[in-house]
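User: I would like to learn how to read a ligand site and a helix in a model. Can we start with the ligand?

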Amino acid sequence: MARERRLDILGIAASARKDSTSGAALDVVLARAAELGCRTRVIRLAEVRLPFCDGDKTAPWPEYPAVAELRRSVSLAHGVVLATPEYHGGMSGALKNALDLLDIPHARGKVFAGISALGGRSNSNALNQLRTSVRWLHGWMLPDQVAIPDARAAHAGGRFHDPEVTGRLTQLADELTHAARALALNTAPVPPQGGPDA
Ligand SMILES: Cc1cc2nc3c(=O)[nH]c(=O)nc-3n(C[C@H](O)[C@H](O)[C@H](O)COP(=O)(O)O)c2cc1C
């Protein structure tokens, strides 16, 4: 009997804040994915040295090995979880820059999921931006997403006070692994083509 291949799930944590809420939420999703048998890994953008994208999204950046590592990690993943703080009504600049250092061949055919943490009330501004960027990279964004309001009060020591938040993060991991298994695990890579112009 053929053995089922393992899913690789990558998390990208955008916040540099100590005790980051979006980072803690990402950990919940990755822990659930591991429970479901996935191989997981995380890139915390605050811990890697990335250059500002200079307009050439394919530049090799030999003096910044983290660029090749980021591209390799996304290329090898079947699913990618993007976790961002909401900054001035959008995703963090660090995450947008990291996405700008990627190109379609890295992200094409992978399933993406988005999490945002907000100081104020819940909204989908950062999540909608993630959705747009992922679409431009030819990734598949899950319909499901999680925005965590009042973020600084939402958790302690990585545990969320509201069980509904934990439940939604767990569900996000379930949806991601389900979609990644269906879409990314069993399909041959699509040959690279031009980007979406419209
Ligand atoms: C530069 C900056 C801009 C922010 N803009 C918003 C905002 O537009 N809406 C909001 O609800 N919170 C905003 N916040 C609060 C953060 O979203 C909040 O602190 C959240 O916890 C960040 O996630 P983290 O814990 O993962 O870092 C902002 C914080 C900073 C530092």
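Analyst: Start with the polar contacts. An oxygen atom of the ligand sits 2.6 Å from an N or O atom in the side chain of serine 15. Keep in mind that this is a predicted model.

User: Which backbone atoms lie close to an oxygen atom or a nitrogen atom of the ligand?

Analyst: For an oxygen atom of the ligand, a backbone N or O atom of glutamate 86 is 2.7 Å away. For a nitrogen atom of the ligand, a polar backbone atom of glycine 119 is 3.1 Å away. Of the 630 Å² of accessible area that the ligand has on its own, the protein covers 74%.

User: Which residues come nearest to the ligand, and what classes make up the shell?

Analyst: There are 16 residues around the ligand, and Ser15, Ser20, Ser22, Glu86 and His88 come nearest. The shell holds eight polar, five nonpolar and three charged residues. Helices α1 (21-35) and α6 (151-154) each contribute at least two residues to this shell.

User: Now the helix α5. Why does its end-to-end distance agree with its number of residues?

Analyst: At 1.5 Å a residue, the twelve residues of α5 (125-136) should span 16 Å, and the end C-alpha atoms are 17 Å apart, which agrees.

User: Which residues of α5 are buried, and where do they fall around the axis?

Analyst: The general idea comes first. An α-helix has 3.6 residues a turn, so residues three or four places apart point the same way. In α5 the buried residues are Ala126, Leu127, Leu130, Ser133 and Val134. Viewed down the axis of α5, these buried residues fall within an arc of 125 degrees, so they line one face of the helix.

Conventions
Residues are numbered from 1 along each chain as its sequence is written. This is a predicted model: local features need pLDDT of at least 70, side-chain atom pairs count only at pLDDT 80 or more; totals for chains, interfaces and linings use all residues. Side-chain values use heavy atoms; hydrogens and water are left out. A residue is near a molecule or strand if one of its heavy atoms lies within 4 Å of it. A polar contact is a pair of N or O atoms within 3.5 Å; within protein, one must be able to donate a hydrogen and the other to accept it, and residues adjacent in sequence count only if both atoms are side-chain atoms. Accessible areas come from the Shrake-Rupley method with a 1.4 Å probe; for residues, only the protein chains shown count as cover. Helices (H or I, at least four residues) and strands (E, at least two) are DSSP runs, numbered from the N terminus. Ala, Val, Leu, Ile, Met, Phe, Trp, Tyr, Cys and Pro count as nonpolar, Asp, Glu, Lys and Arg as charged, and the others, Gly among them, as polar. The expected span of a helix is 1.5 Å times one less than its number of residues. Buried means under 20% relative accessible area, exposed over 50%, partly exposed in between (1.4 Å probe, protein chains only). The arc is that of the directions from the helix axis to the C-beta atoms.
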